[in-house]
Structures are given as C-alpha cells and as structure tokens.
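Here is a friendly note to read alongside the model. Please keep the viewer open and find each residue as you go.

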Amino acid sequence: MSPRQRERLVVIGNGMAGARLVEEVLQRDAHRFAITMFGAEPYGNYNRILLSHVLNGSHRREEIFLNPLPWYAAHGITLHVGVKALYIDRARRVVVGKPLHRSAVPYALDGCDHAAAPIEAPYDRVVIATGSRPFVPPMDGMGKPGTFLFRTLDDCEHIAAYAKHCRKATVIGGGLLGLEAARGLLALGVEVTVLEALPQLMAAQLDAEAAAMLKATIERLGIRVLLQAVTTRILGEERVTGVQLQDGMILETDMLVVSAGIRPIVEIARDSGLAVERGIVCDDQMRTSDPDIFAVGECAQHRGVVYGLVDPIWDQVKTVADVLTGVKPDAVYRGSKLATTLKVLGVELVSLGTTTPVQAGDEVVVYREPSRGVYKKMLVRDNKLVGAILLGETETAGVLTQMFMLETPVPARRADLLFGTASGAPVLSVFDLPEHAQICNCNGVPKGRIKEAIQVGKCRSVAQVGAHTKAGTGCGSCKSLIAQLLEVYAGEVTEDPSEHYYVPGVPLTKPQLIAAIKEKKLKSVSAVFRELAGGKEDADSKAGLASLLKSIWPQEYEDERDARFINDRVHANIQRDGTFSVVPRIYGGVTSPAELRRIADVAEKYQVRMVKITGGQRIDLLGVKKEDLPAIWRDLGMPSGHAYTKAFRTCKSCVGTDFCRYGLGDSIALAQKIERRFQGIEAPHKLKLATAGCPRNCSEAYVKDLGAVAIEGGQWEIYLGGAAGSTVRKGDLLCTVKTHEEVLTYMGRFIQYYRENAKYMERSYSFVARLGIERLRAVLVEDREGICARLDAEIEAAVAAYRDPWATEAAHPISASQFAGPVQIDSTRAEEGM
C-alpha cells in the first residue's frame, strides 16, 4: 500500500505490551499500517523484568532496552515520547494527548503540561496498552522526601541515589515486586526491612511452607521480614525518619519504598466512554466495547481476569496482531496459564499454576530440604501437571513449564520431573514440542522462531539465538532448552566467541588482548582501537581498556582522559547532585587526633554537607564542589583512599593483640602493611580486604575479596573470594602461613593473577568460584605453572609505580578544565539559538 492508503494504527503505551504488539504487527505485515505510538516515559521500550538488576547495579540501564529510540525511526513509527494520551475522541476518530511535566511520573493520574498544545493522532484502529501503576496502601505521609515507588527506570535511579546517604531502608510489600526492590536495596549497602500485610510472602506464587522457607532464607541474607505488618503512618517532618504500624510499633528508617502491587491504568478508557470494571473490559479478541479499539496487557480485563505477568501479554498481542493484520481474522484469546520464573535475592524460584490442591483426586508430590532452602512440589490431576513450585533448585524448570503449558501427560515416575531421569535422558524431547510452544517466557519466544533462527539464521550458540530472537536474555532459565534445540536442529552447540571478549569493542579474549598489546607496545586506548579494532572506537570498552593498560604499563601508560569515567578523571565519587565525595586513606582504620582535626577543619572550611564513617573504617566527606577538590586535598595532607575507582580500596582490621583479650595476631600492623603496599593498584573490579586477629572475625575477613585470619600457633589463614553484598560468600582458604611477609606475598600473587586473568568488572568472588580454589592453590602456592616468580615481580613493579593522584594533580592538574565547576547557561537564550 502507498502511505496514503495505509490504515492508521495508534498504540497508546510504549511499554512491553505496546512495543511487542507493534513488533508482532510488523512481522505479519510491515506495510499495512502507518503506526503512531504514545509513550509517557522519555525512552524507548525496556525490559521491566530487569529493573531490580538496574537498581542493584548488575545491569546498566542501557543493557535492558529492548527497542531503543532509533528502532522506531528505522521502522517508520511516529513515537511521541514523554506524552500522555488523555482521551480518545471517538466521534472525530483521533487520540488526544499532552506532554508530561518533566517532574511528573509516567503513571501519575495527571501530570500533564496543560499549557502545552495538544497532540492529536487520527486513527482507524487503536490499541490501549497503558499498563498499570503502583498501588499505594492508605497511610499518612506518603510523598515526603525519602518515599519512593518502584516501577520505572527513573524510579530506580532516584532510589539508588537516595540510598547512598541512608543506613536503613524499609520496603512495603512482600510480593514479587517488593522482594525485587529489597534485593536491589540490599546491594546498595543499606539495612533492609520488608513489611508484608499478609501472613506469608509471595502469597500469589507460593504455598505457606515454601513461603516460610523463603522467609528463612531471606533473613539469613540479612533482610528483616515482618509479616501481618500494616503501615499506617510515615514519620518525619522534612524527610522520612520512620514508619508506624497498625499495632503501634515504630520502625526507624531513612527511606521507604512502596512496592505493594499494581492497579490497571484505565482512565483513558473510562474518559472515552469504554466499558471499564477492574480493567478495560475486552472480548476474546481483546476488543473493547468499541470494535475499533483493543486493549492488551495489565490494563486489560479478559473474562473477569486482569493479569500482572508478561506471559499473558505475549498471548494477547499475538491474537490482536493476527486480527489487525488479517492473517488470522478469527483468532481468539482464551486466557493464559500462569508461570513465574525469577530469582528473589539470589534464590531461584519457579511457580506454575495452582499451588494448593483443590480437588479430592489431586496428587501432591513434595520434596523438602530446609537446611539448603530447597523445596519442590508438584500437583498432578488426571495425569497432567496443574501446578508446581521449585524453590532453591530449578534445573528441571524448563521441562516442567512445557508439560504444564502443553498439558502433556506426566511420567509414571514423578520424581523424574523434579530431579531428572536416572539415565540422564530428557523427560520431554524438545523435538516433540509443537512450533507454537513457548520456550522463552520472559520475551514470549516460541520454538518455531528459535528453530528458524537456527536453520535460516545459522545461529550456532545460545548467545547468537538470544541476539536473533531475544530468547534467553531475560531470567535465563530457558537456556538449557535453547541448547537442546541447537543440538536437534544444528547438531552442535558452539560457544559464541564474543562471550569471552575482554571488552565488547575489541574481538579478543583477555590473554589474546594482553599479548597483542605487549607485542605492538600499545600504551593508549586510542592505539588499541586503531591497531586491534580497525580504528572503530567503542565507548563501552574504554574504561576496561584504560584499566588494563595501566596494569600492563604501570610507568608508561598514556592516560587519555576521555577513556576514564568522571570519577577517575577527578579522583572522587560524583554524587546525584553533581557534588563529590572525598575519602582520604586511613591505613588499617587507625587514625590520629591530628588527622581528625584536619578532617574537621576541612569539613568546616569547605562547608562539607556530611561527614560519614564508611564500612571500610574510613571517613567520607560528602557534598564537595568539584572546584574545591584540589584545595581540600592539599589541606588534608592525606593520600587518596581510591574509593572512586576499580582498584585496591582498603584493608579493614580489628584491634588484634593491641587491646583485645581474644587476639591471636597483630591484625592492625598487618592491615597497615597490606594497605601501604597495595594502595592504588588497579584491578578488574574493586578489592576490599580485611585482617582479623582471631577467628571471631570482627573485621569480617572471611567475607572480603582477600582476608587474613590469625589462628592458634601464631599462624595466618589467607582467604580468597569472599563477599557480603548482593552476593554472600565465605572466602576459600588458600593457605596457612606464619609471617606478615608471607601474607603479603600470597596476597600480592593473587592480586596480580586476578589482574591478568579476570574479566573486566568480574568481582573476585566470581573469579575464584569460576576457577576453583584447587586450581588457584596449584598456581599460587604450589607453583605448578612456574609463574610465581613472574607474578611476584609484576606486582612489585605495580607497587613501585604507585603515585598518589591527590598529591600530584592538586598542584599540577592534567588540564585547565579538570576541576572546573559547572557553568551557568541561560536556557532561554540557548533555546533561541537552536
């Protein structure tokens, strides 16, 4: 059709439902419609399932986008970003919207800039995909500083920024969304309390026994959980200071995140005269009471049900796309079977269908292992799976999900579905699945599309299938099924080389990259791109390359400032308001009255807004202006604590034998030696160390990147790969030694080996778990590869190359603008010149 002949399709909502509908329409008939979309958020479409990953820092925001803004232009779609559709003028057949105020949240009841001119889009067909907004339980005080909702990318950023200045956080809601928010907050280093009004967690997905086991597991991770806790009042005048519960109990808290469920956004339908109950009422083709207007997703009500998961969205948009394009004009949606796959605070969980028996003949199969937090339950009715819970171990989730969705008869030996067959043969062959069987529930990818990617697209790895279809890029639980499909239709599963690249912009593994850099004597990031990437620069690769080059050439590295994050360029941590934090080094956590006086004088002289004791036994000066940084460094007269970069940070200590009656070793002296030796040494990720004067572990040495613990007999145990953040892991014992000097030697060897072999941004706990302590012991203690002498020499060279950046750049900045403050711009005049 010519552009003038094409039908006009207007999609209200650019979330996962609206954008996926457009994808499905384009796949069926790319030329039938002239498409206009309204999106209240100022972005393209992103994967809302991964918001908690953005909050906890494991994903960058750009990594969760499904359809970035250029995608819409490339497909000829008119997208009104930051615009809220207000009503559908059914008489004139136009959708009318207005821009949102910059400060308004996209799910607000209003929030529009009513002084702005309306934006109108004529239509032949409309699809409403407005989704839902967070439910806020009735309580006094919501909206004051420190109160947050958890629904969008911007919500994540605001929560993360505020949490940096908080000690305690409270989450209202013990369902899926609330626990995801708690997971993100825990990773930000705050104490978290979850308040759930019901008698159990995740009541929609778990039975009481599984919920109790999940609660115990979560509490072991350090999160406090209160059940049957109803908040009535938020305390604090200028900001949140606590919450009061219905029973009169008061909890102290610095911030409050409400994630207590969702409610459909239906105002546009109601204001346009459409039938609305709990959601927008739809028939089996997802048509509303107006046959030219459809609704999909969390705003739609079908056969009395409003769904809040992604699986029904994929089913609904396929039906609507079939009807709109005429590919299958009689297509119908008959409802969805619910399957939830997620990771709650690191705990794997799958919930399918009903979780409690409802008929006399229901067969219940249960396996429980409370000490490991493992619970498995199946409900079988008429020899078919009608429900299941997998908590803690989910290896058979893919097979269970397919049998549940397709209503396939279960095997006579029910345990095969929970633990696999004794022979290792699959319970259900992917070859026998129909083409429409959904393999990836997160992104709604059926078997047929994956099969096409393998046979036509020539995909040969799980990663390639993911790039081609998006399968496996959500929770990842379907990757084993994708691998089986590769084996069936390609005869092999190959590794994607890009999975092993050190940085995405240079097609080399880390050993290959290091060898090429040394062979060609490449000493700057631009030189690496020029020689090893065909001259094509990649912004996401620069910081990783800069860190690696500095490790390889400690004395000769050519520092290009645009290859560094702002933190590394000014040697301080940028805060949400554009100010910086300054953390001077305090060796082993031991300071003096003179140092404390200087810190206090600096805080007063430069009007530092907060002085905070850090978890690493240091003092953080927060709210420092960029232009004041050099002067503050000079006045402090203390070296940089490197709290802003991927490097050795600090070595925490207990008081050891100096004062403690339990002390077995001089932990303070050792911590100071460690910190003076390794200060400023860059690494693939930050390194936090600790020494403990006895196994009571007051300094938490067991759960640090490296830890030294004094034991009886005047010896020291050295531990590697501990963690106590979003991942909790006790370090592995590398060896036991007698002297401080031996501790320094083995720690130095590990640091250098980690610098040479870890992936960029790979924490030591992942590195140690990946390689295994036996291999590390063989390399670093037994010297089976004959590299210990070289590792010792390399780390010695790095130590010798240390220069305190505060001392050097306070007097001699790299550039005139390095510490320049912000420039005030007249926005009105700037706009006139555009």
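The points below cover two buried polar residues, a hairpin and some aromatic pairs.

1. A word on the basis. This is a predicted model, in which local features need pLDDT of at least 70 and side-chain atom pairs count only at pLDDT 80 or more, while totals for chains, interfaces and linings use all residues. Residues are numbered from 1 along each chain as its sequence is written, and side-chain values use heavy atoms, with hydrogens and water left out.

2. Let us start with Arg20, which lies in helix H1 (residues 16–28). Helices (H or I, at least four residues) and strands (E, at least two) are DSSP runs, numbered from the N terminus. Arg20 is buried, at a relative accessible area of 6%. Here buried means under 20% relative accessible area, exposed over 50%, and partly exposed in between, with a 1.4 Å probe and protein chains only.

3. What does the side chain of Arg20 reach at 2.8 Å? The partner is the backbone oxygen of Gly444. Gly444 is also among the residues in contact with Arg20 once neighbours within four places in sequence are left aside; the others are Gly15, Trp314, Val317, Asn443, Val445 and Arg449. Contact means heavy atoms within 4.5 Å. With Trp314 there is a further detail: the charged end of Arg20 sits over its ring, 4.5 Å from the centre. For a charge to sit over a ring, NZ of Lys or CZ of Arg must be within 6 Å of the ring centre and within 35 degrees of the ring normal.

4. Next, please look at Ser132 in strand E10 (residues 132–134). Ser132 is buried, with 6% relative accessible area. Its side chain makes a polar contact with the side chain of Arg151 at 2.7 Å, and another, of 2.6 Å, with that of Glu298. A polar contact is a pair of N or O atoms within 3.5 Å; within protein, one must be able to donate a hydrogen and the other to accept it, and residues adjacent in sequence count only if both atoms are side-chain atoms.

5. Beyond its neighbours within four places in sequence, Ser132 is in contact with residues including Ile262, Arg263, Pro264 and Ile265. Arg263 in turn lies over the face of Phe135, at 3.9 Å from the ring centre.

6. The hairpin is easy to trace. Strands E25 (residues 363–369) and E26 (residues 374–381) run antiparallel and are joined by 7 bridges; two strands pair if DSSP finds at least two bridges between them. Glu369 stands opposite Val374 in E26. There are 4 residues between the strands, and Gly373 in the turn has a positive phi of about 70°.

7. How many aromatic pairs does the structure hold? There are 13. Rings of Phe, Tyr and Trp (its six-membered ring) pair if their centres lie within 6.5 Å; planes under 30 degrees apart count as stacked, over 60 as edge-to-face and the rest as tilted. Tyr46 and Phe65 are edge-to-face because their planes are at 80°, with ring centres 5.9 Å apart. Tyr46 lies in strand E3 and Phe65 in strand E4, so this pair ties together parts 19 residues apart in sequence. Tyr46 is buried at 4%, whereas Phe65 is partly exposed at 22%.

8. Phe750 and Tyr754 are stacked, since their planes are at 5° and their ring centres 6.0 Å apart. They are 4 residues apart in helix H22 (residues 740–757), which means about one helical turn separates them. Phe750 is buried at 0% relative accessibility, and Tyr754 is buried at 0% too. Together with Tyr753 and Phe767, they form one aromatic cluster.
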